[in-house]
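User: I would like to go through this model and hear the reasoning behind each label. Please set the values against the cut-offs.

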Amino acid sequence: MRLVILGGSGSGKSTQGQRLCRYFDIPLISTGEILREAISSDQHIPKFRWSQADPRTSLSVYASLSELGYHARPYMEKGELVPDEMIIELIQIRLRQPDIDCAWVLEGYPRTAFQAKELDFFLDNSGQKLDWAIYLQVSEAVMVSRSLGRSLPDDQPEIVQRRVELFYDHTIPILEYYDRRRRLLTINGDQSPDMVQQNILTLLSVP
């Protein structure tokens with residue numbers, strides 16, 4: 001099972017990603033978590049270790065995870081999207097890591113239609129395909145209130161508002177892309193986490 005979880009800030013992506021990973025017993029790949037760990041990697045050991053045994057898994061542009069975090073920090077601090085080339089490389093490296101097999105949940109990526117196409121291109125070259133893109137649909141007011149209720153350092157009002165604006169700017173093309181490929185499942189995210197999970201499993205035809 002290979003799934004992408006889409007949704008705005010505070011839509012419940014992380015919660016549902018974690019729940020689906022526990023349900024299917026597969027890894028969660030969270031771009032937000034990876035980027036936050038990259039930014040603080042000079043102070044903390046990341047939860048996963050970047051394998052350098054295979055040259056394909058080495059950082060070809062950035063000498064280390066902390067260097068990538070250094071370049072990503074200004075974008076995250078302003079609520080801006082990390083540039084495509086930076087995040088695409090990060091995800092492709094992560095998908096080649098030893099703990100990732102052929103089943104995973106990808107949360108917080110893709111954020112642009114170009115990233116979605118690059119993900120499909122990468123999977124095609126790896127002999128894989130995406131099963132479903134799950135879109136958690138919530139209102140702007142819900143996104144803002146949920147985000148401000150969290151305790152993450154980058155959940156400041158002006159940053160949250162900017163992330164919401166960018167989400168609407170970039171999400172429609174992603175949804176259209178996956179809809180054309182008949183890979184899109186839309187879920188009402190403005191429900192309890194249990195109900196959202198059950199709706200996802202129902203659409204996945206999982207008993």
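Analyst: What follows takes the sheet, then the helix pairs, then single residues. Keep in mind that this is a predicted model.

User: What makes the order of the strands in the sheet, and how do they pair?

Analyst: The sheet is open and has 5 strands, in the order β2-β3-β1-β4-β5. The pairing is parallel. From one strand to the next, the twist averages 20°.

User: Why are β2 and β5 said to stand at the edges?

Analyst: Each has a single partner strand, so one side of β2 (28–30) and one side of β5 (184–188) lack a neighbour in the sheet.

User: How do you know that β1 and β4 count as paired?

Analyst: Pairing needs at least two bridges. Strand β1 (residues 2–6) and strand β4 (residues 132–137) are joined by 4 bridges, and they run parallel. One bridge links L6 to its partner Y135 in β4.

User: Which helices lie on the sheet?

Analyst: Among them is α1 (residues 13–24), which touches β1, β2, β3 (104–107) and β4. The direction of α1 makes about 160° with that of β1. Helix α8 (residues 193–203) lies across β4 and β5, at about 155° to β5.

User: Why is α4 called roughly parallel to α5?

Analyst: The axes of α4 (residues 84–95) and α5 (residues 113–125) cross at roughly 30°. The limit for that label is under 35 degrees, so α4 is roughly parallel to α5. The axes come within 11 Å, and the crossing is right-handed.

User: What makes the contact between α4 and α5?

Analyst: From α4 come D84, I87, I88, Q92 and L95. From α5 come F114, Q115, E118, L119 and F122. By class, that contact has 6 nonpolar, 2 polar and 2 charged residues.

User: Why is α1 called oblique to α8?

Analyst: Their axes cross at roughly 55°. That value is outside the ranges under 35, over 145 and 65 to 115 degrees, and the rest counts as oblique. Therefore α1 is oblique to α8. The two axes come within 10 Å, in a right-handed crossing.

User: Which residues meet where α1 packs against α8, and how do they divide by class?

Analyst: T15, Q16, R19, L20, Y23 and F24 in α1 meet P193, D194, V196, Q197, I200 and L201 in α8. They divide into 7 nonpolar, 3 polar and 2 charged.

User: Is I200 buried or exposed, and how do you know?

Analyst: I200 lies in helix α8. Buried means under 20%. At 1% relative accessibility, I200 therefore counts as buried.

User: What is I200 in contact with, beyond its neighbours within four places in sequence?

Analyst: I200 is in contact with Q16, L20, I134, L136 and I187. Y135 is 65 residues from I200 in sequence, with 9.7 Å between the two, C-alpha to C-alpha. Y135 is also the bridge partner of L6.

User: And Y70: buried or exposed, and what makes it so?

Analyst: Y70 lies in helix α3 (residues 65–78). The cut-off for exposed is over 50%. Y70 has 62% relative accessibility, so Y70 counts as exposed.

User: How many residues along the chain separate Y70 from A38, and what is the separation of their C-alpha atoms?

Analyst: Y70 and A38 are 32 residues apart along the chain. Their C-alpha atoms are separated by 7.8 Å.

How values were computed. Residues numbered from 1 in each chain as written. Predicted model: local features only at pLDDT ≥ 70, side-chain atom pairs only at ≥ 80, totals over all residues. Heavy atoms only, no water. Axes fitted to C-alpha atoms, helices over the stretch in contact; angles between N-to-C directions. Helix = DSSP H or I, 4+ residues; strand = E, 2+ residues; numbered from the N terminus. Left-handed = near helix turned anticlockwise from the far one by under 90°. Contact = heavy atoms within 4.5 Å. Nonpolar A, V, L, I, M, F, W, Y, C, P; charged D, E, K, R; others polar. Buried < 20%, exposed > 50% of the residue type's maximum accessible area, 1.4 Å probe, protein only.
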